[in-house]
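Thank you all for making the time this morning. I would like to go through one structure with you, so please have a look at it on the screen before I begin.

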2 protein chains.
Amino acid sequence: MKKIALVLLLNSFFAFSQTDAEMLRSIHTQALTNSNCYAWLDHLSNKIGQRLSGSAGAEKAIQYTKAEMEKMGFDKVYLQEVMVPKWVRGKKETAYIQDGKNKINVPICALGGSIATPKGGLTAEVIEVYDFEQLAKLGDKVKGKIVFFNHPMDPKNIDAFTSYGEAGKFRWMGPGEALKYGAAGTICRSLSLSLNDFPHTGSTGYRDAPKDKWIPAAAISTNAAELLSKKLKENPQLKFSFTQSCEILDDVLSYNVIGEIRGSEHPEKIMVVGGHLDSWDLGDGAHDDGAGVVQSMEVFRILKSLNYRPKNTIRVVLFMNEENGGRGGKKYNEQAQANNENHIFALESDCGGFSPRGYSIESSDANYNKVMEFKDLLAPFLLYQIFKGHGGSDIEPLESKNILKVGLRPDTQRYFDYHHAGNDKFDAINKRELELGAAAMASLVYLIDVHGIAQ
Amino acid sequence: MKKIALVLLLNSFFAFSQTDAEMLRSIHTQALTNSNCYAWLDHLSNKIGQRLSGSAGAEKAIQYTKAEMEKMGFDKVYLQEVMVPKWVRGKKETAYIQDGKNKINVPICALGGSIATPKGGLTAEVIEVYDFEQLAKLGDKVKGKIVFFNHPMDPKNIDAFTSYGEAGKFRWMGPGEALKYGAAGTICRSLSLSLNDFPHTGSTGYRDAPKDKWIPAAAISTNAAELLSKKLKENPQLKFSFTQSCEILDDVLSYNVIGEIRGSEHPEKIMVVGGHLDSWDLGDGAHDDGAGVVQSMEVFRILKSLNYRPKNTIRVVLFMNEENGGRGGKKYNEQAQANNENHIFALESDCGGFSPRGYSIESSDANYNKVMEFKDLLAPFLLYQIFKGHGGSDIEPLESKNILKVGLRPDTQRYFDYHHAGNDKFDAINKRELELGAAAMASLVYLIDVHGIAQ
């Protein structure tokens, strides 16, 4: 028995040692010496710019990435039709605090999906709340007023996404809750861990309320939130005024962009690698999620340049409309179900182009353990952080028996300095960090392609 | 036997479980919610600025940090005299490539310790070399020319410091090698992994050459190095001209700044936590090493605010002159030897204020294993990277039997974008990353204070 155990141990050791370790090294060398992802992102950010669903930028990004992918040696590159919501911001928003005779302008932006204010703006007294419980207790006192959700992201969490999850609900559910009590509008504190002057946009919604009950919803910068809170303590009767002219238009036709290479041994088994092509409209979406898009393309470029022929079918999928509808991810799944496809693996990069630290695993224990078997292979590349967590919004709808979903996990500390704000721009990207993220993705794609998922 | 092993296992489990895990959590919460390190760094960077040894800025930084530490509750705060070299840059340097009639200005800076050019500048033909072997082969052909060390930092290494170690020798030893063959001067490619227009300074030297043989030495930006190399291929006879007026003055008196709290159980055992107060003179030294200074001060602030009373004596040491002489570290050791002190632990932060990833351990195997025992306690804070490596330049001279030396290891990818260059400024610092680095330091100080080092 002992001898057999030793042989098994040695076998499993060799299976993971030479070739895999060398391949992971080659993948990283390719990424760090010969990448194209930074140049692609430069184009997406600086030549195209913002790519909100249904915008001219989104359309240009579809055509650009399709054309680039067509040069890369995929077996096929195609567009997948998807109807997307179209929300437009309109004129730049303005806001001020009216404290007696004192008028203080503050940085503001409409939340995605919000309606406009009346033409002359919405001016009302403000009620500050920390959470929905406090709102519910206030009840009718909220009537006719602007509800100010001032719930800072919790600085205590080491992972910034934990704080985003907690504080985020006041952005995306706040207006729907506030209108129940007759609020005239809502403003929320921007979801950022730093104090700055950038308002951070993002999706909001009105839950199940009928359209005629909807109220304008906006975000103010964290500095403005601190100021407003201070001023309210001094003068609870002060007024806040904001003007926004955003509009919800009819849905329009858009596309997921897909590049596919057929598997040499198991063409029926599909592995997806992706990010989302749409972005918010205030910056140029370099981190969210230009980075994920170009890293996904780079994964294929790396494997191709190393003459690696995948056993399974690999699809690079650039999803449309993650930010304000998630329609691209849903559509991709719909088509996968309609075609009875077998997806074994889906990997998404949508947490910024920062230094990669590991992977967030959404799967069965068996598949989690499968990834953990690669631990020692990944350690030389400082990919230590392998934990059970969310895979990604675009791959969330994807249904397939036993699928292993993974999110690339970069360092999270700087992400919410830029997320959905005007400074999410190309100059916030570090070339090597972007490349290392792509290498971390390619490494896991390779390992899963070779060693498979748990049965 | 088995039962005993289980009891031992449980004991060791409990020894490290509740109290330690809770303490590490408290340390991180203190750092992330109540820190003062960012404010201190703001003052050092924006109110004081560059702190090159012997400069007015260095003197102000000594007085400022001493005054701040005197407010913090140390048992004593004192200055330790140290004579430091004084090198001054003089007027802003200029340089150009003269390619026929075409004159192209390029960004340049004198290397620290270099002599000036003749008043009208040094103009000569250029010989590009990759390394010292190539230089030696050229031999006398170098005579009267400017040697251009164009040795890029290797992008393939995951740890940027590995590449710095390899390419760095051409900066610090290049002039000493080139003068052997009669070179008129040297320029080196800036030590940065990115292509940009910042020249990066840093120490250089002339090895054992007599003073009358010394030649002017400078660094040009990475973009300029690429351009010059390209131009040289087209026209090997082109000339390069640079003018610098730097000077080496007499040594001056300066200080290490030290705050000490006496150990409650083992006052004779000393633990050092430090960074270096001096900086280069092109930026404001926010990353190198303002970050290490304020993180070291923050370590004490955190422990104090948690009412933690150390068993061993803890000294926060702000070393002078790491950059161009290392005199502060040497002096600290001299005094330690003279006083027959017993140092058990020294921790330095001098790799930038970026997101911490772990620790570089310079010690016996037994002490390395001691730190590795804390692995599971450190993992929730993403401090995974514990490896044998350099502790730090300032703690390097410190001699003590069995001492455990540790360097805080932040993410290295961005460091050489700023290192020794004009953009090493406060705005390149992320507050949370700085705080997390301080928490990583305080965590290890606490663990070693409680559990000791290997015997």
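I will start with how the chains are arranged, go on to the sheets, and finish with a pair of helices.

Let me say at the outset that this is a predicted model, and that everything I describe should be heard with that in mind. As general background, two copies of a chain are related by a rotation about an axis and a shift along it. In our case, chain B can be laid on chain A by a turn of 180° with a shift of 0.0 Å along the axis, and the RMSD of that superposition is 0.0 Å. The two copies are thus related as by a two-fold rotation axis. If you want to find that axis on the screen, look for Tyr384(B), which, of the residues of chain B, comes closest to it, with its C-alpha at 3.3 Å.

Now to the contact between the chains, to which chain B and chain A contribute 24 residues each. On the side of chain B that touches chain A, helix 2 (18–34) and helix 14 (431–451) of chain B each supply at least two residues. By character, the residues on this side of chain B divide into nine nonpolar, eight polar and seven charged. What is more, 100% of the interface residues of chain B are also interface residues in chain A, so the copies meet through the same surface.

Let me turn to the sheets, beginning in chain A. Here eight strands form an open sheet with mixed pairing, and their order is 1-10-12-11-13-16-14-15. Strand 1 (76–88) and strand 15 (385–388) of chain A are the edge strands, each of them pairing on one side only. On average, and ignoring direction, neighbouring strands of this sheet are turned by 20° against each other. At the edge formed by strand 1 of chain A, the pairing with strand 10 (residues 247–261) of chain A is antiparallel and runs over twelve bridges; within strand 10 of chain A, Leu249(A) is the bridge partner of Lys86(A).

Two helices that pack on this sheet deserve a mention. Helix 4 (residues 56–70) of chain A touches strand 1, strand 10 and strand 12 (312–319) of chain A, and its direction makes about 5° with that of strand 10 of chain A. Helix 10 (residues 327–338) of chain A touches strand 1, strand 10, strand 11 (266–276), strand 12 and strand 13 (342–348) of chain A, and its direction makes about 140° with that of strand 1 of chain A.

In chain B, I would point to an open sheet of eight strands, again of mixed pairing, in the order 3-2-9-5-6-7-8-4. Its edge strands are strand 3 (102–105) and strand 4 (108–110) of chain B, and its neighbouring strands are turned by 30° against each other on average, direction ignored. Strand 4 of chain B pairs with strand 8 (residues 217–220) of chain B in the antiparallel sense over three bridges, and in strand 8 of chain B the partner of Cys109(B) is Ala219(B).

Finally, the helix pair. Helix 3 (residues 37–48) and helix 14 (residues 431–451) of chain A pack at an angle of about 115°, with their axes 9 Å apart, and that makes helix 3 of chain A roughly perpendicular to helix 14 of chain A. The crossing of helix 3 of chain A past helix 14 of chain A is right-handed. Helix 3 of chain A brings Cys37(A), Tyr38(A) and Leu41(A) to the contact, while helix 14 of chain A brings Lys431(A), Leu434(A), Glu435(A) and Ala438(A). The residues of this contact divide into five nonpolar, no polar and two charged.

Conventions:
Residues are numbered from 1 along each chain as its sequence is written. Chains are lettered from A and ligands numbered from 1 in the order in which they are written. This is a predicted model: local features need pLDDT of at least 70, side-chain atom pairs count only at pLDDT 80 or more; totals for chains, interfaces and linings use all residues. Copies are superposed by least squares on the C-alpha atoms of residues with pLDDT of at least 70 in both. Two residues are in contact if their C-beta atoms, placed from the backbone, lie within 7 Å. Two strands pair if DSSP finds at least two bridges between them. Helices (H or I, at least four residues) and strands (E, at least two) are DSSP runs, numbered from the N terminus. Axes are lines fitted to C-alpha atoms, for helices over the stretch in contact, and angles run from 0 to 180 degrees between N-to-C directions. Ala, Val, Leu, Ile, Met, Phe, Trp, Tyr, Cys and Pro count as nonpolar, Asp, Glu, Lys and Arg as charged, and the others, Gly among them, as polar. Angles under 35 degrees count as roughly parallel, over 145 as roughly antiparallel, 65 to 115 as roughly perpendicular and the rest as oblique. A crossing is left-handed if the near helix is turned anticlockwise from the far one by less than a right angle, and right-handed if clockwise.
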